[in-house]
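Please open the structure in your viewer and keep the selection tool at hand. The tour below goes from one selection to the next and says what is to be found at each stop.

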Amino acid sequence: MKAHYCHRASFFLIVIVMAIFLSGCGLPRNPVPLASISEGNLAGFPDIRYWETEYKPDVKTGADSSSDCSFLALSGGGANGAFGAGFLNGWTVSGTRPNFRIVTGISTGSLIAPLAFLGPEYDQELKNYYTTIRTKDILDVQGLLGFGIIPVLFGESYASTKPLQKLIAELVTEDTLTAISQEHAKGRRLYIGTTNLDAQRFVIWDMGAIASSSNPDSLKLFQKVMLASASIPGAFPPVRFDVEVNSKKYDEMHVDGGVITEVFGFGELFSEQAKTSGQARVCSIYVIRNGKLDTESEQVPRRVIKIAIRSFSTLMKAHSWGDIFRLYFIAEENNVEFNYVSLPHDYESHGKEMFDPVEMKRLFDLGFDMAKDGYKWNKIPPGLGDLKEEKWLWTP
């Protein structure tokens with residue numbers, strides 16, 4: 001876990017160096033005018049993406065009698081996604097895994113989400129991808145002496161995502177797209193989040209709507225959105241989408257959805273479903289956090305790099321807390337049962353590289369073992385119980 005934060009902190013420092021020393025440099029692009037920043041549309045793909053604050057899923061009650069009134073939200077976490085993949089596999093074995101009405105994914109969660117959405121028959125595929133890949137299967141460091149110096153100084157990223165693009169193309173094929181489209185037609189929904197850098201806003205992509213489109217580029221767009229959601233800024237180049245505003249062509253720059261939120265979901269529609277269906281049932285949201293939520297104490301040396309890395313890891317930790325708290329209060333407000341799981345506090349990574357197959361197999365097995373015999377879900381975010389008891393927070 002610490003290794004994961006260290007890698008992200010290193011990329012963050014690279015971005016800072018670029019900003020300080022090369023603020024005047026950059027590759028050419030044709031961005032949307034600031035006055036029209038919210039008006040870009042993808043030609044041939046209407047109604048397939050939304051700003052987070054403007055969207056409520058159009059899930060239809062009773063459209064799919066086999067689907068549960070349940071919601072799965074998959075977080076980011078890089079190689080730690082192996083934990084989530086393992087947990088889903090173990091959940092299937094336990095016999096208690098719902099047929100989720102909605103699935104959302106961010107970053108590594110966006111790579112898991114399509115297969116999690118399609119159900120247990122794709123468990124083996126999830127296992128294969130999250131226990132066999134190496135760093136070279138995700139990124140290709142380029143530049144002077146192989147350390148990415150030239151791209152960092154004069155480009156837009158530390159590494160190329162060509163290996164990740166290949167992996168995504170293997171993960172989502174025409175057959176996968178057809179299967180997702182069929183589930184979308186039943187009223188189930190799959191969403192992936194990206195960050196629009198120019199707008200500094202979170203974008204929700206309706207992946208089922210993309211899969212159901214008659215546009216011949218639907219598979220290409222589907223894969224491109226997954227790539228954007230997993231593109232850590234500084235490490236990977238941003239993904240550019242060609243858009244139109246008033247019949248003029250521009251481009252948008254999108255990166256990892258985790259820049260804004262590590263996990264996302266919706267609460268109000270489930271309480272509405274329960275009311276309109278006339279059934280006395282409790283709807284549930286399940287959050288798989290591919291990382292730790294507890295604090296991790298560490299004695300920090302008086303060295304600038306160590307201080308910067310520790311500060312960034314703390315920032316990411318606070319980011320995660322805020323996301324989990326937000327979903328918890330959405331659930332509370334809408335009478336939805338809240339559940340989450342995260343990496344255990346005592347788990348220590350022994351990975352020798354960013355994506356180490358041995359370590360990822362260990363993570364997968366951990367998630368599998370936690371879920372296979374029936375996991376006792378966490379019902380409130382860490383520390384919230386104490387705050388409620390001390391009446392620091394309003395409680396319903």
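Select arginine 201 together with tryptophan 51, and you will find the charged end of arginine 201 sitting over the ring of tryptophan 51, at 4.2 Å from the centre of that ring. As you look at such details, please keep in mind that this is a predicted model. A second arrangement of this kind appears when you select lysine 224 and phenylalanine 241, where the charged end of the lysine sits over the phenylalanine ring, 5.1 Å from its centre.

Next, turn to the aromatic rings, of which a search of the whole structure finds 18 pairs. Select tyrosine 55 and tyrosine 191, which form an edge-to-face pair with 5.6 Å from centre to centre and 75 degrees between the planes. This pair links distant parts of the chain, since tyrosine 55 is in the loop between β1 (49–51) and β2 (70–74), while tyrosine 191 belongs to strand β6 (residues 189–196), 136 residues apart. Tyrosine 55 is buried, with a relative accessible area of 11%, and tyrosine 191 is buried too, with a value of 0%.

Now select Phe83, Phe87, Trp91, Phe100, Tyr286, Tyr375 and Trp377, which ring pairs link into a cluster. Phe83, Phe87 and Trp91 also lead to the next stop, as they are among the residues of α2 that meet α12.

Show helix α2 (residues 81–94) and helix α12 (residues 357–372), which pack at an angle of about 30 degrees with their axes 6 Å apart. The crossing of α2 past α12 is right-handed. On the α12 side, the residues that meet α2 include Met360, Leu363, Phe364 and Phe368. Sorted by class, the contact between the two helices has 13 nonpolar residues, five polar ones and one charged one.

Move on to helix α3 (residues 108–118): how many of its residues are buried? Eleven of the eleven are, so the helix is largely enclosed by the rest of the structure. Among these buried residues are Thr108, Ile112, Phe117 and Leu118. Just after the helix, select glycine 119, which follows α3 and has a positive phi, near 105 degrees.

For the last stop, keep Leu118 in view and add threonine 176, which lies in helix α7 (residues 174–185). Leaving aside residues up to four places away in sequence, threonine 176 touches Leu118 and Leu171. Is threonine 176 buried or exposed? Threonine 176 is buried, because its relative accessible area is 5%, and buried here means under 20%.

Conventions:
Residues are numbered from 1 along each chain as its sequence is written. This is a predicted model: local features need pLDDT of at least 70, side-chain atom pairs count only at pLDDT 80 or more; totals for chains, interfaces and linings use all residues. Side-chain values use heavy atoms; hydrogens and water are left out. Axes are lines fitted to C-alpha atoms, for helices over the stretch in contact, and angles run from 0 to 180 degrees between N-to-C directions. Helices (H or I, at least four residues) and strands (E, at least two) are DSSP runs, numbered from the N terminus. A crossing is left-handed if the near helix is turned anticlockwise from the far one by less than a right angle, and right-handed if clockwise. Contact means heavy atoms within 4.5 Å. Ala, Val, Leu, Ile, Met, Phe, Trp, Tyr, Cys and Pro count as nonpolar, Asp, Glu, Lys and Arg as charged, and the others, Gly among them, as polar. Buried means under 20% relative accessible area, exposed over 50%, partly exposed in between (1.4 Å probe, protein chains only). Rings of Phe, Tyr and Trp (its six-membered ring) pair if their centres lie within 6.5 Å; planes under 30 degrees apart count as stacked, over 60 as edge-to-face and the rest as tilted. A charge sits over a ring if NZ of Lys or CZ of Arg is within 6 Å of the ring centre and within 35 degrees of the ring normal.
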